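Hello! Here are some friendly notes to read with the structure open beside you. They are all about charged side chains and their partners.

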Amino acid sequence: MNVSCKTLRLGRLRGACLNASATTQYFFETPRLAATVTHRSYSSAEAQPNPITPLPVANPPEGALKPIEAHGQFPRKDWWDIAAGVVISRPPLLTRDLPEFEQSYYFYQRRLNDRLQLPFARWFYFKKGTLAEDEWKRKQAAEKRYQPYGPRAWADELLKGSTEHKTDPLKDYEHLVATTVTGEEETMSIMQARQEAAKEAEARGEEVEYPSEIVEKPFPRTTQADIENNTKRLDRKMSRTLYLVVKKKRDEHAWRFPQSRLSGKWEHLRWGAQRTLLEAAGQNMNTWFVGSAPIGFYKYKYPSGHAQNQVGKKVFFMKARILAGQADLTNNKQDLEDFQWLTKDELKDVVGNKYYKAVQHMLVAQ
């Protein structure tokens, strides 16, 4: 579009002059058609035709790009299959295990506290020569704890290769029972006997008053599923996050997160992920999808000759949590034969290196 400087001055656009090239003219300039003014608000005259002479269109220079239709070409018909994947996890149920550095730090703090605190006044609590004093001495000898005022008070540092910092006696319930003087063993047996007697009396129709509850022994951090290495149970690795992976009936690339292609014309990623999880793991899980946006992406190409015009598959992963229940592959619609609940470290050996590199940044380390 060649616009003269005179026209720009009349339009109060001083100091500018547009000079479009022939290529720009070819793409953006269109002939002007005769227009008819249908209404004039400032005149009572009838509307008259307003012919405008079409401007000539410059021919494109040699080598200029032309629209695709001019060549008779259209975009390729190859396409990618779009699939929705589900990264469903069980969050940690216990506090995490302390790493090596934190264990060493707390060990140092305990030893420093032992060196700075006042010694225990045994004579104030236990009379010399009594059975209580002998029992206290026996349990202190069995404890084998560091004595800040004993003959080896100088040995307060952690030696190289020692694993002493990995055990904290104050967290072991059985250790507290073995080193205390109050006699929890006898108290617990008496309370259990009283509760059983109260239940028998209630069964006979007598009015009884149950004894107060006692503090029971805490459960261990290691469960039976950890001992048996049962990867199908959700009570394993209580301090780590577990992820559900399923296995298809094939030899290669069998273990994956649940995934399937989007069905229908209007199914979006969240609906597809919910349908995928239902078809793969059944209805026995109470789940919650965190959001409607994918947290990761993975694509792979089909082998040659797989299908006409299909390049490969693009999988968008949605994040979900399991609140209750368990996966059930009975009558699943995705030809699955097995499932596992694995940590991030365990996934690498199961799903393969290439797949793990694509999904590792979606998973939490703990």
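1. A word before we begin: what you see is a predicted model. Keep that in mind as you look at each pair.

2. Let us start with a buried residue. Glu133 has 5% relative accessibility, and since the cut-off for buried is under 20%, this residue counts as buried. Try finding Glu133 in helix 6, which covers residues 131–143.

3. Which side chain meets Glu133 in a salt bridge? The partner is Arg122, with 3.8 Å from N to O. Arg122 sits in helix 5 (residues 122–125) while Glu133 belongs to helix 6, so their pairing ties together parts that are 11 residues apart in sequence. Unlike its buried partner, Arg122 is partly exposed, at 32% relative accessibility.

4. Now move along the chain to Arg275, which has two partners to look at. The side chain of Glu267 forms a salt bridge with Arg275 at 2.8 Å, N to O. Glu267 counts as buried, with a relative accessibility of 14%.

5. The other partner is Glu279, whose salt bridge with Arg275 spans 3.3 Å from N to O. Where do these two residues lie? Both are in helix 10 (residues 269–281), and they are 4 residues apart, about one turn of the helix. Elsewhere, salt bridges with shared partners join Arg122, Glu133 and Lys137 into one network.

6. Finally, how many salt bridges are there? The count comes to 12. As general background, side chains of opposite charge can pair when their charged atoms come close.

How values were computed: Residues numbered from 1 in each chain as written. Predicted model: local features only at pLDDT ≥ 70, side-chain atom pairs only at ≥ 80, totals over all residues. Heavy atoms only, no water. Salt bridge = Lys/Arg side-chain N within 4 Å of Asp/Glu carboxyl O. Buried < 20%, exposed > 50% of the residue type's maximum accessible area, 1.4 Å probe, protein only.
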